[in-house]
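Let's take a walk through this model together, going from the whole chain down to single side chains. Have the viewer open and follow along.

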Amino acid sequence: MLDIGGDNLFVLEFGDILHYYTPYTATLFLVAVIFTGLVIASRPEKQVDIAFGGDAYYAKETTLSEMRFRRFMAIACGLATMGAMGSGDLFNFTLFASLVGIANIGIVAAVKSRHVLDAAYEYGIVAMVATLPLFGGAALILATTGTLSIPALAAGGFAVPLVGKAFLALGVIGEGMAPFYAAKAEMFRAPGAPYVIMCSLSSLLIFLRVVEIVITI
């Protein structure tokens with residue numbers, strides 16, 4: 001199914017490794033670019049907590065060093081997401097996907113909140129375990145077909161194992177999609193809306209890309 005994402009708009013080859021964009025992946029790439037730009041330009045608001053059963057409320061203070069680190073990790077997450085959108089090599093895609101999971105943890109790692117840090121720790125365990133089927137799926141496909149090139153696999157002539165595709169999808173799902181999404185739900189208590197939203201947006205874009213890859217190959 002060569003045309004599942006549309007005809008190629010751009011192809012950049014590096015030997016056996018290539019980077020390409022179709023109308024589908026180019027759209028996902030532009031979404032990542034736009035939101036990363038918003039993260040760079042935004043000035044996150046202060047988070048306000050309201051005491052349950054009363055009128056008391058207080059604003060959470062976030063230091064400049066914390067916000068600087070989180071902005072950097074959000075930008076790194078956006079860049080990794082952009083790379084995954086155009087990667088034409090399964091191994092590079094898995095690397096970008098795992099980097100997105102690491103960056104998601106980094107986005108909230110500087111927040112001095114017990115609830116947020118506990119959630120980041122739990123999500124980190126899930127993301128770490130998810131790398132096993134993620135890289136395992138790519139390794140299984142390589143061992144079976146002898147190539148990791150998505151266009152080559154899509155061209156036919158290779159018996160891509162179904163379990164390899166399933167492992168790829170499971171690995172990406174473990175990086176932050178349902179039902180494993182619950183592992184990082186508490187991370188949204190962290191202040192700084194644009195940075196926190198990047199956690200979900202990046203996971204969603206990676207999931208949409210792996211669906212296209214699984215269907216294509």
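Accessible area here is what the Shrake-Rupley method gives with a 1.4 Å probe. On that basis the protein chain exposes about 10,800 Å², and carbon and sulfur atoms supply 71% of it. Keep in mind as we go that this is a predicted model.

Now for the overall layout. The protein chain has 7 helices and 4 strands, and along the sequence they come in the order β-β-α-β-β-α-α-α-α-α-α. Of its 217 residues, 45% count as buried. Look at the contacts between residues at least 6 apart in sequence, and you'll find that 72% of them join residues at least 24 apart.

Start on the outside, with strand β1, which covers residues 10–14. There's a nonpolar surface patch here of about 490 Å², made by L9, F10, L12, F14 and I17. Strand β1 gives the most to this patch, with 3 residues. One to click on is L12, which sits in strand β1. L12 has a relative accessibility of 37%, so it counts as partly exposed.

From there, hop to helix α1, residues 23–41, and find T36. Is T36 buried or exposed? With just 4% relative accessibility, T36 counts as buried. Leaving aside residues up to four places away in sequence, T36 touches I75, G78, M82 and M198.

Next up is the cysteine pair C77 and C199, whose sulfurs might tempt you to draw a bond. Why don't they make a disulfide? A disulfide needs two cysteine sulfur atoms within 2.5 Å. The sulfur of C77 has its closest cysteine sulfur in C199, but the distance is 6.5 Å, so that's too far for a bond. Come at it from C199 and the answer is the same: the closest cysteine sulfur is that of C77, again at 6.5 Å. The disulfide count therefore comes to 0 by this rule. Both cysteines are tucked away from the surface: C77 is buried at 0% relative accessibility, and C199 is buried with a relative accessible area of 2%.

Stay in this part of the sequence and look at helix α7, residues 193–216, where V196 has its place. V196 counts as buried, at 5% relative accessibility. Which residues does V196 touch, once those up to four places away in sequence are set aside? They are R70, I107, M187, F188, A190 and P191. I107 is a nice one to pick out: V196 and I107 are 89 residues apart in sequence, yet their C-alpha atoms are 7.2 Å apart in space.

Last stop, helix α6, which runs over residues 162–174. It has 13 residues and reaches 18 Å from its first C-alpha to its last, close to the 18 Å expected at 1.5 Å a residue. Its buried residues are G164, K165, L168, G171, V172 and G174. A bit of helix geometry is handy when you look at that list: an α-helix has 3.6 residues a turn, so residues three or four places apart point the same way. Just past the end, α6 is followed by G176, which has a positive phi, near 150°.

Technical notes
Residues are numbered from 1 along each chain as its sequence is written. This is a predicted model: local features need pLDDT of at least 70, side-chain atom pairs count only at pLDDT 80 or more; totals for chains, interfaces and linings use all residues. Side-chain values use heavy atoms; hydrogens and water are left out. Buried means under 20% relative accessible area, exposed over 50%, partly exposed in between (1.4 Å probe, protein chains only). Patches are made of residues with over 30% relative accessible area and no salt bridge: like charges are joined within 9 Å, nonpolar side chains (Val, Leu, Ile, Met, Phe, Trp, Tyr) within 5 Å. A salt bridge is a side-chain nitrogen of Lys or Arg within 4 Å of a carboxyl oxygen of Asp or Glu. Helices (H or I, at least four residues) and strands (E, at least two) are DSSP runs, numbered from the N terminus. Contact means heavy atoms within 4.5 Å. The expected span of a helix is 1.5 Å times one less than its number of residues.
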